[in-house]
Amino acid sequence: MSVRYTLRDPKALKWVMEHPGRGTPYSTRTLAEEVGLTHHSLIGHLLNGVRKDCDMETAHRIAEAVGVAVLVLFAPPASPDQNGSSTNSKTPT
């Protein structure tokens, strides 16, 4: 299972789409195209609250496209276990 990043605030995403750090404003379709998504629905779902998270790579690509640090828009999981990670935290004896 992939690491999921939670969108902090849909309004913040909307604002940075309209006022990107560089370039022209994004629509849901143009941002989806810029980050390499095959369809714009994920961006729309993040904006309207239907979805609250996305995979780590997509979160980073969205932040990069709008010109902000990923942590401005997204919160990583508090621990790997929250994403069903199968890493073993035991130390060898």
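Reader: What makes L7, L46, L47, I62 and L73 the residues that L13 touches?
Author: Contact means heavy atoms within 4.5 Å, and L13 touches these five residues once those up to four places away in sequence are not counted. This is a predicted model, in which local features need pLDDT of at least 70, side-chain atom pairs count only at pLDDT 80 or more, and totals for chains, interfaces and linings use all residues. Residues are numbered from 1 along each chain as its sequence is written, and side-chain values use heavy atoms, with hydrogens and water left out.

Reader: Why is V16 called buried?
Author: Buried means under 20% relative accessible area, with a 1.4 Å probe and protein chains only. V16 has 8% relative accessibility, so V16 counts as buried. Leaving aside neighbours within four places in sequence, V16 is in contact with V66, V68 and L73.

Reader: Why are α2 and α4 called roughly perpendicular to each other?
Author: Helix α2 (residues 28-35) and helix α4 (residues 56-66) pack at an angle of about 115 degrees, with their axes 9 Å apart. Angles of 65 to 115 degrees count as roughly perpendicular, and α2 and α4 are therefore placed in that class.

Reader: Which residues of α2 and α4 meet?
Author: From α2, L31, E34 and V35 meet R61, I62, A65 and V66 of α4. This contact divides into five nonpolar, no polar and two charged residues; Ala, Val, Leu, Ile, Met, Phe, Trp, Tyr, Cys and Pro count as nonpolar, Asp, Glu, Lys and Arg as charged, and the others, Gly among them, as polar.

Note on methods. Axes are lines fitted to C-alpha atoms, for helices over the stretch in contact, and angles run from 0 to 180 degrees between N-to-C directions. Helices (H or I, at least four residues) and strands (E, at least two) are DSSP runs, numbered from the N terminus. Angles under 35 degrees count as roughly parallel, over 145 as roughly antiparallel, 65 to 115 as roughly perpendicular and the rest as oblique. Buried means under 20% relative accessible area, exposed over 50%, partly exposed in between (1.4 Å probe, protein chains only).
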